[in-house]
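User: Could you walk me through reading pockets and helix packing in a model like this?

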Amino acid sequence: MIKNKILIIDDDEDFLEATAALLQAKGYQPICASNGQDGFQMAKTDSPDLIFLDLVMAYEDEGARIAEAMASDGAIRDIPVILVTGMKQKPGFKSQTVNLPVKAVLDKPVSPHELLKTVRTYM
Amino acid sequence: MKPKTLKNTLLLSFLSVIFILGSFTAILGFYLIQDQIVARIQKEVIDKSNSLSLLYEGEINNIAQSLELTSAISDFTVVKKVAKLDYVYEVSSEETSNSNIVRAAFKGKSIGGTRIIREGELKKIFPKSYSDYITAIEYTPKASPTSKKTLNSVIALEYAQPVISQNGEVLTVRYGGRILNGDFKFVDKVNDIIFARTQYKGKPIGTVTIFQDDVRVTTNVLNNEGKRAVGTRVSEEVYQEVLQRGESWINRAFVVTDWYLTAYRPIKNVEGKIIGILYVGMLEKPLVDLRWHIFLILFLVISGTAFGSAVLSYFIAHHIAKPVTNMASAAEKISQGDFSYKVLKQGKVSEIISLTTVFNSMAERIQEREKSLQTSNGKLEKLNKSYLDLVGFVSHELKGILSSIVLNVYNLNKNLLGPLNEAQQKALNSISRNLNYLSETVKNFLNLSRIEKEEFEIKRSSIFLKKDVFDEACEYFIRQAEEKNMQIENNIDPELTIEADLSLIQIAVNNILSNAVKYGRTGGKIIISCKSETEVIECKIYNDAMPIEAADIDKLFKKFSRLNYQGLDKVKGTGIGLFITKEIITRHGGSIWVEPQATGNTFCFTFKRS
């Protein structure tokens, strides 16, 4: 089976649409969730092959909590999660996220090349 | 070692001074007392000895007077009785006399003195009681050795009076004398006169003795059995000094049972020959006791004074130390943050008063400063919060918005959402360039604010310079380079590692490479190389470009400084990229500089090898 289903969890609808358009154009099958709760549900029901997860959504640590919830859920714990955030340069970011169960952290604005490269690397 | 308190230090100093002064006074006092007493005793012994000599002379004069007064009496038995003499004779010839005194009197003048009466003459004088005058010689430990068991002669005080005819011829010599051996009247009389028979702890304070040669013949010195020590002898030392050399001997001496301060003087006959010794001695014990008594009083006085001074020292030390101790505890309170504590003004010492005043005003000022610091801290905390809010806003909002724009522009630009006409494509290229610049600017702005707030936390790890840093950067800039038809050569050794903070080094290298692409000549080359020498790794990034003028080199790494070179004025830049790069390299312990070449520029920077 070809791995091409990518779940994008972000509260920014524009980002969701733009990312989905890019991934779709490149032959992937993007699915979108605009909050952590929905994202977690879709991860369980749709079995994506890769998850892009925003850190700050309605809550400051929503992304972090979802990442931890996914890692402790036996059914989906093996799906690679990539954190996508603008907070990478904020003081204290590193110490807050260093222990999160994610494969990589991408700094917003993400260049399309970096995004596609990450997809190729982890899928 | 635990430090001593000021009070104890002062007290210890005072006590040391008291101890030294007290000891010094005691020792000095002891020697002064000793000296004074010894001097006084010696003087007294000499006085007593002089008195004894005078009394001895007086005894001879008594005999003379008695004989003069009885010169008219022809019965010598009566004369002997009246004049209390042991013998009286009259001789007509000088030759027949054994007495040197008698012989001297034949020269025409009356004369008195001391002489020895030998055994033969003694037998003539006392045919019946001769043996009563024989003195048995007792063994005396310190005396000069002798084989004699008895003393068969006697010593006598004698006076001789010539009877002279009208034409001046000496007709006869009348003489009489008193034998001293076994006669204690004289010595007891002397003792009465000069010592008043005083006793000390059952012992006579003074003793008087007459020696014939070196043997005690009359004395009131008592032996161990409480009897007069007749027959004992003088010590060898005194014998030599007085009998042999004829000198007086004044010193302490152990006489039979006790230590005495003594004076020995030679007794000479009329011819000047030494035939005996006059001795007077004073019991040393009363004076020794007196000395100890005085010293005890002195010691008690010194001890009492020292004790009083020590007690006083305690209060003085307490008094002196108290303000300082108070100030120390106040300082401790202040150091714990209690600024309300004040030191009360105390004492009359100007330094302490001024110290107290200064201390209190200092405490007040510290309190004021503390308040103003707290206010400043509050402001700073507020500022920091605003800063964090701003950074949070830029990071989340601005970068989030940019994110979707970047992706959308890419999708359009790459015709992923359908084809564009030429004008649309051109406009989109412009948007794309500006968007890149905006993204870089936002990132640089955030990095700059981190640097200026010194929030760089350098987390070192071992990283591969090629794979982890330069390959990533090259890949990031390869499209921009391709757009300018530029080539990037990455010649770095894949095995080369450094100890550094990966994300920071990436920022630094990206900035240099970004500049190399932006300011590089279209169709030019970018050559990346590294050489590692000993402990230092030096990286070089060369690009074909307009060489930087020497005058501009210093400006290059300064914040917000941009160089205006012809043809490059359309290239957009914030002027903070190289500043950030320099900060990152410097904080890793390296350095960065630029080397302009004929055809371009080389940016060089160093690291310490991992």
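User: How do the residues of the lining of the second largest pocket divide into nonpolar, polar and charged?

Analyst: Happy to help! This is a predicted model, where local features need pLDDT of at least 70, side-chain atom pairs count only at pLDDT 80 or more, and totals for chains, interfaces and linings use all residues. Residues are numbered from 1 along each chain as its sequence is written, chains are lettered from A in the order in which they are written, and side-chain values use heavy atoms, with hydrogens and water left out.

Rolling a probe the size of a water molecule over the atoms shows where empty space is left. On a 1 Å grid over the protein atoms alone, a pocket is an open set of points where a 1.4 Å probe fits, with protein on both sides within 12 Å along at least five of seven lines; lining residues have an atom within 4 Å of a point.

Here the lining has 16 nonpolar, 15 polar and eleven charged residues. Ala, Val, Leu, Ile, Met, Phe, Trp, Tyr, Cys and Pro count as nonpolar, Asp, Glu, Lys and Arg as charged, and the others, Gly among them, as polar.

User: Which helix gives the largest share of that second lining?

Analyst: H9(B), with eleven residues. Helices are DSSP runs (H or I, at least four residues), numbered from the N terminus.

User: How do H5(A) and H8(B) cross?

Analyst: Two packed helices are described by the angle between their axes and the distance between the axes. The axes of H5 (residues 112–122) of chain A and H8 (residues 350–413) of chain B come within 10 Å and cross at roughly 90°, which means that H5(A) is roughly perpendicular to H8(B) (65 to 115 degrees).

Notes: Axes fitted to C-alpha atoms, helices over the stretch in contact; angles between N-to-C directions. Helix = DSSP H or I, 4+ residues; strand = E, 2+ residues; numbered from the N terminus. Parallel < 35°, antiparallel > 145°, perpendicular 65-115°, else oblique.
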